[in-house]
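Colleague: I am new to this structure and would be glad of a close look at a single part, followed by a careful walk to the other places worth knowing. Please explain each term as you come to it.

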Amino acid sequence: MLQGTLIYGFINSVVLMLVALGFSVTFGISGVANFAYGALYVMAGYLSWLGLHSLGLPYWLAAPGAVAITAGVAAMIYWFILLRVRGLVVSEVIATFGMGLAILELFRYLGFIGFEYTLPPLIDASVMIGDTYVDAQRLCIVGAGILLAAFLWFFTHYTKTGLAFRGIAQDERTALTLGINADKVAAWSVAFGAGYAALAALVILPLGTIAVNEGYNVLVNALAVCIVGGLGSTVGIIVASFLIGFAQILTATYLETSWMMLVSLVAILAILVIKPSGLFGHQKQLEERI
Amino acid sequence: MAQRKERIDRGIKVRSDDVFALTSWREMAYLAFPRVVPVVLLFLLGAVASIYWERVLVTTCMFALLAISWDILASAGMVSLGQALFFGVGAYIAGTLNHYFGISPWLTIPIATLGGGVVCTLVLLPVLRLRGIYFAMVTMILPLMIERVIEATKIFGGTEGISGLNTLGNVHTEFLVAAVMVWVVLFSFRRMMSTDYGLLLKGINDNDRAVMSAGMNIYYYKAQALFLSSAVGAFAGAFMTHAYQFVGMPVFALDYSIIPIASVAVGGAGTLAGPMLGSFILVPLSELLRGLGGLRVVIYAVILVVCTVGLPEGIFHYLSRKYNQFERWVKVER
Amino acid sequence: MSEKTILQAQDLSKNFGGVKAVDGVSFSLRRNEVLGVIGPNGSGKTTLANLITGFVKPSRGKVIFDGKNITGMAPYKVADLGIARSFQMVKPFYQLPAFKNLNVALLSPRLRRLSGGRFGDRDAMAKDLLEEVGFERDSWVITHQAASLPHGYLKRLELAKCMALQPEIIVLDELFSGLSLAEVASMVPVIEKLVAQGKTLVMIEHRLKELFRIADRVIVLNFGQKIAEGVPAEVMEDPQVRGAYLGSEAEE
Ligand SMILES: Nc1ncnc2c1ncn2[C@@H]1O[C@H](COP(=O)(O)OP(=O)(O)O)[C@@H](O)[C@H]1O
Ligand SMILES: [Mg+2]
């Protein structure tokens, strides 16, 4: 029992981390809060389903294709919509929110509802860890989570684009003078975050069906993790995912599965009271620069 | 020879911005016209409309209130993505008071208005300290989460909700209350926003540091704005609860967040009247589009994006400019 | 602490990450004194102003105002006690007409207390203040949207906002920067009048010539540290100051 709880708590935490990573990365780099995030996540799922079933593509084509298209759509949202309202926080938020809603509800309208909308697992098997059954897909999730988090760290510390990302994140104006195109970097960051969402979708969605409402759930979870961990802080995301992830599984094991959402809600309310900017968030102090 | 449009304020605007020095019937009529006509029009519409459309008007008024409530918050620099929170809290307070304690709607609605204001303000109080998108994030997820929590814990009727609540009376009574309320709220808050208190709220939005360095506790004022706004939203929720005779999870649905924002985007933020105008365009329109089913939300969302990006000014600003200024083409030398 | 001391900073320090923006700065200010703060760009002058007025919490050190420890106090409380400040980056309330900008400041609880709970006509008070700082009365500028005011007027508006609070101390952060010689010349008398009225001033300034006319005493910052203090003429003789300050002046 305890062992199972630990294993599933760990897996659940990684799921939350995967889901929140992309949102946080985009925000951390360019300050864009992409409220279309959940929609992009679900879109990646449907796209690869369409690739597999309507076009009959093999998995190794359909899945990367879906990731690429999702990232492309995100970049286009930035380039054609967000760029026009850049700097107006209200408009940015509303525009991404509206785009996400349009995408999700369009899928619903087009009838993408049902049990047939499932993605195949990467490996269809299950293993015993101690005396707990774990299907291989969940192990894939853990693998993907670790890989993606590690890649993010490597990318932002050792590649030129990644360093440009960090440059912009730290000081946009200085970065501009160094010849970094802030708009391009921001577009990349939105695409990058969406790519992460798509990858997360590909490994997580095989556990269930692809559903429109999943888009809202993902956004809620991503925001919850970011609020608790602190916006834009990768360490915060990881810590918060594990806090909420384990708390949820403990609730599910010892109380009731349906109470899991209550845990996130309580976590958010508690963190708002104790440390409003999140565990690792650096809330912008009211300071004047230069 | 190139041309350019020249705009000149009509005289009365220039003479005084606050207290009107009325000198002639013409000027009074000029000022009264855009205020009186819509008021009369709404009551006339209510009088001639069929029962079905009268209900639509009632709903429209409530969405207008939600949109106004959004705009009050935004004036003080808080962007909400979750008017459904205010709406839902008001709805549940009124619904439970009526169902469990048998209190009359004429009492539950005022109680829910104040109580909803207090509850929402307390819940969001910690977020007031944060700038930027935090407020939007928190307000967006709270209603969605509360919905889930009600589903899980089965409190207040759980997924079934509570039905069989008392009504205020017939549709005509409801319409009268709704219409009177919407005008009272609109005019009193517009008045408030043009007093120095309103300026202060706008000042917080423009530059919170400067307000603070004038020795004012901006969180205190933001909390007041939050209370006013959430009370208005809670009123709408409480009212609709009794109109539908039902309260349940749908009161926290995204519709109650998205339509008000879309109304603001269409009507134009910062005027309170603009958002109301937006609701009066969008809600009846959506009634006409009922046949489209799920596509309606898509259309809303697209309108939202298009208006936010392409029409940042909104219809109301445009109309008010046309009304308050002369426009003419003048030649300019190249 | 002498009778006349009104403000005292003890060992004030602030680190931003690894940067020591302000590093162990101490000074004290007598009532009705004008203290100049100079130093090259990035030497921590603005941060010092932020530390005094509560916008930044110090990593170390104390601020004592009128015998009261105000270290780390919220900015609005500091302002309420009577320390007004101007901002280097002027940002008016864009949506409001120029004089209504002052109405916001005139609503402050401090003024209500000082006036015994009675408010006069705030619009009139605002216009009086604007006239004092050099807006022409009844000109379009006063009723114009603050967003469209020229820079010189924004700076004056900034000063008027400070004066509106009827403070004991005014901290002015580079009030003269970006102004023409003529504009500065017209602002100097306004400031001299404030001094004559018994206000205490902290002036962060790059315009040394004007500053030295007004200031009684000057402190010099470099890399967050106080490297000199004294009457203006004396300070400028200091070789360390010449090195730090004039060295960077040449770069600009
Ligand atoms: N909010 C902040 N976050 C990080 N570093 C800051 C911040 N404010 C100022 N600094 C740094 O502190 C140093 C001093 O800045 P500042 O006080 O603005 O100098 P000055 O006003 O003398 O030009 C600079 O190196 C600046 O980059
Ligand atoms: Mg400075």
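Modeller: Donors are N, O and S atoms within 2.8 Å of the metal (3.2 Å for Na, K and Ca), and since water is not among the atoms, sites may look incomplete. This is a predicted model, in which local features need pLDDT of at least 70 and side-chain atom pairs count only at pLDDT 80 or more, whereas totals for chains, interfaces and linings use all residues. Residues are numbered from 1 along each chain, chains are lettered from A and ligands numbered from 1 in the order written, and side-chain values use heavy atoms, without hydrogens or water.

The magnesium ion (ligand 2) has as its protein donors C:Thr46, through OG1, and C:Gln88, through OE1, at 1.9 to 2.2 Å. These two residues are 42 residues apart and link distant parts of the chain, with C:Thr46 in helix H1 (residues 45–53) of chain C and C:Gln88 in the loop between strand S6 (83–85) and helix H3 (98–106) of chain C; helices (H or I, at least four residues) and strands (E, at least two) are DSSP runs numbered from the N terminus. Both C:Thr46 and C:Gln88 are buried, where buried means under 20% relative accessible area, exposed over 50% and partly exposed in between (1.4 Å probe, protein chains only).

From chain C we turn to chain B. B:Ser69 has its place in helix H3 (residues 51–75) of chain B, and B:Ser69 is buried as well, with a relative accessible area of 0%. Leaving aside residues up to four places away in sequence, B:Ser69 touches B:Gln83, B:Phe86, B:Ser229, B:Val232 and B:Gly233, contact meaning heavy atoms within 4.5 Å.

In the same chain, helix H11 (residues 255–267) of chain B has 13 residues that should span 18 Å at 1.5 Å a residue, and its end C-alpha atoms are indeed 18 Å apart; the expected span is 1.5 Å times one less than the number of residues. H11(B) is mostly covered, with 12 of its 13 residues buried, among them B:Tyr256, B:Pro260 and B:Gly267. Just after H11(B), B:Gly268 takes a positive phi of about 110°.

Chain A offers a parallel in helix H2 (residues 37–53), whose 17 residues should span 24 Å and whose end C-alpha atoms are 25 Å apart, which agrees. Of the 17 residues of H2(A), 14 are buried, so H2(A) is largely enclosed by the rest of the structure.
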